[in-house]
Amino acid sequence: MRAAFGPREDAAFAPLLARVVTAVITCGFFFGGFVGLVQSTRLSTGAKAIALGLLLALVTLHLRNCVRPADGSRPAGWRWTLGAQAVLTYLPMTWFHETWYGNPGFLAGAALLLLRPAWAAWAGFVAVLAVQVPVGLAVRPTVVEALYLVLGQAALVGLAVYALAGLADLVAALTATRTALAEAEVARERLRFARHLTDGVGASLTRILAGGDALVVGLRERPESTRPALTEALAEARAAMARARAFAHEHKSIENTPPPAIADEPTPRAVAVLRVAILVLLIVPLPLRVLAASDYSPARQALFGLLLCAFVALYIRNCTPASGGRPRWWRCTFAAQIALAYVPLVVFDARVWSVGLFLAGLALVLLRGPWRVLAVIGFALHDVYFGTWSPTLLDRVYHVVWILERAALVYGLVRMADLARALGAARVELAAGQVARERLRLGHDLHDLLGFSLSALVLKTQLALRFADRDSESAASRLAEGLAMARQALADVGTVSGGYRGMSLAVEAGTARDVLAGAGVAVEVAVDVGALPAGIDTVLATVLREGATNVLRHSSATRCAIIASVEPDGAVVLLLTNDGVRAGAGSAPTGAGLGLKSLDGRLAALGGTLTAGVVGDAFRLRARIPGDVRAGLVRE
């Protein structure tokens with residue numbers, strides 16, 4: 001059965017469903033007690049009135065104790081109400097034992113829900129069942145009848161009340177923690193990313209910086225002996241840049257996203273076991289009770305047992321939530337269930353083979369629309385057709401209520417188990433989606449932040465190596481600038497895995513000018529945008545850094561212009577142009593490269609646009625953020 005609501009709706013719907021089904025079961029049993037009291041020939045009219053008043057008080061206490069609020073808390077004064085429920089469960093048996101024996105099941109459920117810790121709750125449940133044995137023997141003096149009262153009524157009702165409330169709690173817990181798993185998986189991915197980045201790129205940068213200052217001094221004092229060390233530093237810088245590129249590309253593909261590391265949770269397994277136990281207690285005791293009183297031969301009894309096992313197994317299968325909604329081949333299995341309910345009536349008496357009483361629950365679970373209503377009504381009239389259990393009109397009404405009450409229980413168990421399954425799957429899906437998005441973010445941030453610093457480091461080290469033999473001072477200056485970029489890159493390594501850090505367009509413009517000028521590019525810088533909101537400042541700085549990286553990597557530029565201004569309508573525009581466009585480069589539309597795709601996404605998140613391409617003999621990168629977006633961020 002497919003969940004029809006979202007997580008928030010499920011959180012509200014599950015406790016409501018639990019309360020409704022618990023109330024239906026309670027009222028159904030109350031009606032059974034009412035019928036027993038009305039039809040009693042031993043009690044006087046006054047005694048019946050007193051018994052009905054006590055029964056109404058007992059039902060009220062049970063509803064207070066077991067119809068739980070949405071937060072699953074125990075009601076105020078629950079110790080007193082539980083004690084009062086115990087008194088009203090057993091004391092009236094002294095006078096009304098013929099009609100009062102079915103009420104301990106509600107006390108068993110209340111014990112499971114109210115007592116703490118778990119061992120005390122189950123001890124209370126077992127104690128109620130133990131007391132029910134002599135009570136049952138006093139009312140129906142056979143072991144089979146007593147066991148029926150213990151298992152088919154007290155244990156069934158107690159576990160049903162407990163399971164419904166427990167499933168509501170599970171749904172609420174899954175909803176409340178629906179983001180916790182995603183957050184844990186994202187944190188795990190960040191740690192893994194940081195570890196790999198630090199072990200790879202960070203280690204290379206650390207090795208470069210470890211001997212960098214000494215190498216600068218060596219270039220100034222004895223340049224001829226520093227070439228091997230400088231060559232090694234250049235190789236290390238290139239290796240760091242290659243690792244960063246490979247790692248960025250790996251994380252920009254969600255196909256490589258590892259599945260969430262989720263351990264199997266015991267709660268769903270416990271829910272499944274509890275559901276199976278309740279369904280067995282729902283179906284098995286009644287036919288076995290009647291079979292024990294029959295005079296069937298051993299062969300017919302063996303056939304009865306085999307058919308009953310098949311019916312129960314098929315019932316459990318049809319009531320097991322599936323990932324696609326209803327179980328696979330449910331039409332065939334439902335038809336087989338109906339056949340198992342009625343075909344054996346050729347061999348067995350309808351009073352003995354009475355499993356057709358439980359088909360209304362399956363109809364509620366499997367069917368939809370008007371067919372569900374018609375089928376439930378039809379199956380609810382099972383005893384009216386066969387007339388085996390209902391000699392009077394009131395009895396017939398009671399057995400219709402009895403069937404519908406158990407149908408509501410089956411529906412509640414299956415529906416809420418399906419909600420729990422769907423929410424559990426949604427948590428896993430949410431975690432996987434969040435991890436995939438985090439991998440994309442890490443990959444883009446790594447590319448956007450480290451690309452420029454590492455490219456500048458490689459360029460500066462190359463220049464230092466080129467000038468080492470003929471201009472040691474220039475070589476030392478270039479290497480010192482490269483070490484500054486290495487320190488910047490190492491700082492980026494330490495921050496990129498923790499989230500996107502703030503950047504300044506003005507600062508990046510100055511850095512880009514220095515690095516590009518060091519590469520022999522004549523740079524014009526005109527940044528006049530005033531104070532920008534942090535989000536806009538960071539995005540535009542990132543665009544500039546990526547653009548400068550592309551100038552270094554993919555062009556033979558001699559001139560470059562970096563211009564940022566505010567248009568009359570308040571829009572902020574960053575324009576970066578450069579010459580030296582290589583054949584086949586830069587002619588693709590916006591977002592053709594992985595870096596430009598990342599920038600396009602960042603700008604789109606702010607309502608901005610990015611255009612990139614060749615105009616004349618120059619490459620032009622233009623980012624624009626509308627004025628209303630800027631004004632809105634300023635107000636915030």
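**Exercise 1. The crossing of α2 and α5**

Determine the handedness of the crossing of α2 and α5 in this predicted model, and establish which residues make the contact.

*Solution.* The crossing of α2 and α5 is left-handed. Two packed helices are described by the angle between their axes and the distance between the axes. Here the axes of helix α2 (residues 45-66) and helix α5 (residues 104-114) come within 9 Å and cross at roughly 25 degrees. Because angles under 35 degrees count as roughly parallel, α2 and α5 are described as roughly parallel to each other. On the side of α2 the contact is made by H62, N65 and C66, while α5 contributes F106, G109, A110, L113 and L114. Sorted by class, this contact of α2 with α5 has five nonpolar, three polar and no charged residues.

**Exercise 2. An aromatic pair**

Classify the geometry of the ring pair F304 and W353, and state where in the chain the two residues lie.

*Solution.* The structure holds nine aromatic pairs. For F304 and W353 the ring centres are 5.1 Å apart and the planes stand at 90 degrees, so the pair is edge-to-face. F304 belongs to helix α12 (residues 298-318), whereas W353 lies in the loop between α13 (330-342) and α14, so that the pair, 49 residues apart, links distant parts of the chain. Both F304 and W353 are buried, and ring pairs link them with Y296 and F348 into a cluster.

**Exercise 3. The covering of α14**

How many residues of helix α14 (residues 359-366) are buried?

*Solution.* Eight of its eight residues are buried, and helix α14 is accordingly described as mostly covered; among them are L359, G361 and V365.

Terms used. Residues numbered from 1 in each chain as written. Predicted model: local features only at pLDDT ≥ 70, side-chain atom pairs only at ≥ 80, totals over all residues. Heavy atoms only, no water. Axes fitted to C-alpha atoms, helices over the stretch in contact; angles between N-to-C directions. Helix = DSSP H or I, 4+ residues; strand = E, 2+ residues; numbered from the N terminus. Parallel < 35°, antiparallel > 145°, perpendicular 65-115°, else oblique. Left-handed = near helix turned anticlockwise from the far one by under 90°. Contact = heavy atoms within 4.5 Å. Nonpolar A, V, L, I, M, F, W, Y, C, P; charged D, E, K, R; others polar. Buried < 20%, exposed > 50% of the residue type's maximum accessible area, 1.4 Å probe, protein only. Phe/Tyr/Trp six-rings, centres within 6.5 Å; stacked < 30°, edge-to-face > 60°.
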